[in-house]
Amino acid sequence: MTTLVVCLDRTDDVGRKTGLRSPIVGWEAVRALVTDVGLADPEDSGVNSLLESLRVAQDLRDGDEEAVVAVVSGDRESMVSADRAVARQLDDLIAKYDPDSAVVVIDSAEDERLVPIVESRVRVDSVDRVVVRQARDIESTYYLLKQFLADEELRQTILVPTGLTLLVFPMLATVVGPAEGAAAITTVIGLFLLYKGFSVDEIVTGLAHQLREALYSGQVSVVTYVVAAGLTLVGVFAGALGVSSLEDPPGILVPAMQFAFDAVPWLAMAAVTASAGRLLDEMISDRPIRSSYLNLPFLVLAIGLVVRGFSTYFLERQGVIDPITVPPIESGILSVESFVVSAGERLTLYVVTAIVVSLVGARIAAYVSTTTDDADLADDESDRGQQTSAELTDGGPDAEPDGSSSRVDVGPAADGVDEVPRSDSGDSSQ
């Protein structure tokens with residue numbers, strides 16, 4: 001088994017410093033080349049790569065394996081001509097020595113670009129990258145910076161904001177002062193970090209994609225969402241008007257309760273409208289309706305009733321709104337005197353109504369889910385029954401419509417013996 005230990009030099013540093021032409025093949029030739037390159041430029045990392053090639057070849061020979069060490073260089077005209085020169089030299093080496101595999105020795109990222117050329121011609125068992133120990137940190141930093149600058153997303157995320165900051169800060173410092181300029185820049189950077197940290201861009205992109213899909217597919221929920229947005233604006237406006245009508249309210253609790261009292265009915269209608277549109281989309285589609293979509297409108301309505309009840313209770317206790325007075329009722333022999341519903345009774349009525357609404361929603365969702373499951377189970381059993389019936393009545397190409405066979409094959413006919421047709425009753429016809 002022959003292994004080619006090849007040291008790659010894409011920019012032809014060896015030829016430029018020693019005047020030799022590659023490929024340089026053989027243990028003695030490469031060892032002499034180490035001296036020539038070291039005398040020409042003692043600081044060149046190519047000396048280390050040449051020594052590494054000799055060490056790898058020696059280790060292979062110590063393991064009773066035939067090794068051929070060679071140095072292959074490109075040229076200085078262009079990268080394309082350098083790669084083609086390396087390819088020609090590799091073809092010559094492979095044609096002459098017929099190696100079974102190769103070990104590639106490189107000392108830079110530039111030389112690493114030649115590895116695919118070697119792999120296209122011979123099996124590469126190992127790639128040995130030589131880094132001078134004294135320059136390990138510097139070279140690693142260089143490669144990290146190079147990879148960072150090659151990443152477009154990182155450039156846009158870090159370099160662009162940094163460049164804008166360096167451009168805008170001097171202008172702000174000149175116009176409004178250094179402190180105000182630094183505060184503005186810090187605010188913008190903080191907003192940008194929050195924007196990227198919470199993945200707001202992905203959320204906005206997902207919402208835009210869902211809206212576009214909904215518009216193109218003609219979903220009812222698009223219209224109901226628009227209606228819900230309008231009802232939400234009306235609710236916020238009604239709540240703001242209610243708060244503005246208060247005369248010197250003490251603290252913040254009363255304005256908050258007044259806002260909830262006026263806005264919650266509109267907000268609840270908005271939520272019910274949006275959830276109803278989503279439920280209609282589920283009903284129109286062929287997919288089974290999930291119980292969560294059925295229960296959501298009732299749940300939203302129940303929450304609205306509870307919030308409305310508590311806000312009414314606090315406002316009535318504060319004297320902002322008056323208690324409910326039921327007028328007297330007379331209907332034939334039935335007569336009900338006038339009475340006043342207290343704040344606690346009013347709150348109890350709201351809470352009980354909310355519980356009843358939520359229970360009705362849960363019951364309807366459970367009933368629809370059970371009906372859907374039973375229908376799916378019935379469909380599955382029907383499909384299995386039809387499949388079993390088809391398997392039982394499938395009598396092959398010679399079967400009668402009722403599934404029975406009118407012919408029995410008795411194998412190859414013997415001399416003077418014909419195949420005997422047989423009826424269903426077993427009587428043979430002569």
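In this predicted model, the side chains of serine 101 and aspartate 125 are joined by a polar contact of 2.9 Å. Serine 101 belongs to strand β4, which covers residues 101-106, and because its relative accessible area is 0%, serine 101 counts as buried, the cut-off for that word being under 20%. If neighbours within four places in sequence are left aside, the residues in contact with serine 101 are Met1, Thr2, Thr3, Leu4, Val122, Arg123 and Asp125, so that aspartate 125, the partner in the polar contact, also appears in this list.

A second part of the picture lies on the surface, where Val160, Leu164, Leu167, Val168 and Met171 form a nonpolar patch whose accessible area together is about 460 Å². One of these residues, leucine 164, lies in helix α8, which covers residues 152-175.

The two elements named so far can be set side by side.

| Element | Residues | Residue named in the text |
|---|---|---|
| Strand β4 | residues 101-106 | serine 101 |
| Helix α8 | residues 152-175 | leucine 164 |

Turning to the chain as a whole, its secondary structure comes to 14 helices and nine strands. Of its 430 residues, 28% count as buried, and serine 101 is itself a buried residue. The accessible surface of the chain comes to about 27800 Å², and 60% of that surface belongs to carbon and sulfur atoms. As for how the chain meets itself, among the contacts between residues at least 6 apart in sequence, 61% join residues that are at least 24 apart.

How values were computed:
Residues numbered from 1 in each chain as written. Predicted model: local features only at pLDDT ≥ 70, side-chain atom pairs only at ≥ 80, totals over all residues. Heavy atoms only, no water. Helix = DSSP H or I, 4+ residues; strand = E, 2+ residues; numbered from the N terminus. Buried < 20%, exposed > 50% of the residue type's maximum accessible area, 1.4 Å probe, protein only. Polar contact = N/O pair within 3.5 Å; in protein donor to acceptor, adjacent residues only side chain to side chain. Contact = heavy atoms within 4.5 Å. Areas by Shrake-Rupley, 256 points an atom, 1.4 Å probe, with all protein chains shown as cover. Patch = residues over 30% accessible without salt bridge, like charges linked within 9 Å, V, L, I, M, F, W, Y side chains within 5 Å. Salt bridge = Lys/Arg side-chain N within 4 Å of Asp/Glu carboxyl O.
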